[in-house]
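Trainee: I'm new to this one and would like a close look at a single part of it. Could you pick out one strand and its surroundings, and then take me from there to a few other spots?

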Amino acid sequence: MRHLIYAAGIAGAALLPATAAKAQGASWGCQVLLCAASQNPSWHGVEYCVPPMTKLIAAMSKPGFSWPICNEATAGAPGREEYADCPEGTKIGYSQYGRDGNRTAPDRCVKTLNTCQTHLGLNGPAHQAVVILNRRARDGENSCIKQTSSQRPRRADPWYFDIPNDQGVKQRHWFNLNL
């Protein structure tokens, strides 16, 4: 089958009785893919989807778990991004570092501010800004550069499948595995 013809009506088709009847004969991996991609309502609101997704959640806690794959859709295993993007003007930061200096989870949004005062002065015919630098920075003291951070927002739907459409362009479908 073509990529999305089978996984086609993923968002809406899982809701249709005829599609649900066809999907019941699908492999477990394809059932999971169809249900995970259902958006309005999510898989939680689709009666057909509750059993395969509950089975998935239970299987994930067992040793040797391997994600069920839907080969017909060429989507592979899902990805996971726990955190949402940081707001504009901030960058990803880390609240902790491991013993060896490695960073832990990217759980902060950091904004860097230059707090040096700018004084305007006249230098010849053109006005120029003169920046007074305060670079006596020992252990962060009296530095012009200050950083503020905030908790990085978590995604309500941290799991995703990248499913190719009929032109082969992957489209991301977010979902969660909360019961």
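Mentor: Here is a walk that begins at one strand and its sheet, then moves on to the core and two buried polar residues. Keep in mind that this is a predicted model.

Let's start with Y160, which you'll find in strand β7. Is Y160 buried or exposed? Its relative accessibility is 15%, so Y160 counts as buried. Look at what surrounds it: leaving out residues up to four places away in sequence, Y160 touches P78, G79, R80 and E81, and also R172, H173, W174 and F175. One of those contacts, R80, sits 80 residues away from Y160 along the chain, yet the two C-alpha atoms are just 6.1 Å apart.

The sheet puts those neighbours in context. Three strands make up an open sheet, ordered β1-β7-β8, with antiparallel pairing. The edge places go to β1 (79-80) and β8 (170-175); each has a single partner strand, so one side of each has no neighbour in the sheet. Between β1 and β7 the antiparallel pairing runs over two bridges, and Y160 of β7 is the bridge partner of G79. As a general point, strands in a sheet pair through backbone hydrogen bonds, in either a parallel or an antiparallel way.

Now follow β7 into the nonpolar core. The largest such core holds 22 residues, and L33, M53, W67, F161, F175 and L177 are the ones with the most contacts inside it. At least two residues come from each of α4, α5 (50-60) and β7 (159-164). Which element gives the most to this core? That's α4, with five residues. More broadly, nonpolar side chains in soluble globular proteins tend to be buried together.

Stay with helix α4, residues 28-36, because Q31 belongs to it and counts as buried at 13% relative accessibility. A polar atom of the Q31 side chain lies 3.3 Å from the backbone oxygen of A26.

For the last stop, go to the loop between β2 (91-93) and β3 (108-114), where D107 lies. D107 is buried too, yet it has no salt bridge. How far away is the nearest side chain of opposite charge? It belongs to R108, at 5.3 Å. Setting aside residues up to four places away in sequence, D107 touches Y83, G93, Y94 and S95, along with S150, Q151 and R152.

How values were computed. Residues are numbered from 1 along each chain as its sequence is written. This is a predicted model: local features need pLDDT of at least 70, side-chain atom pairs count only at pLDDT 80 or more; totals for chains, interfaces and linings use all residues. Side-chain values use heavy atoms; hydrogens and water are left out. Helices (H or I, at least four residues) and strands (E, at least two) are DSSP runs, numbered from the N terminus. Buried means under 20% relative accessible area, exposed over 50%, partly exposed in between (1.4 Å probe, protein chains only). Lys and Arg count as positive and Asp and Glu as negative; His and the chain ends are not counted. A salt bridge is a side-chain nitrogen of Lys or Arg within 4 Å of a carboxyl oxygen of Asp or Glu. Contact means heavy atoms within 4.5 Å. A polar contact is a pair of N or O atoms within 3.5 Å; within protein, one must be able to donate a hydrogen and the other to accept it, and residues adjacent in sequence count only if both atoms are side-chain atoms. A nonpolar core is a set of buried Ala, Val, Leu, Ile, Met, Phe, Trp, Tyr and Cys residues joined through side-chain atoms within 4.5 Å. Two strands pair if DSSP finds at least two bridges between them.
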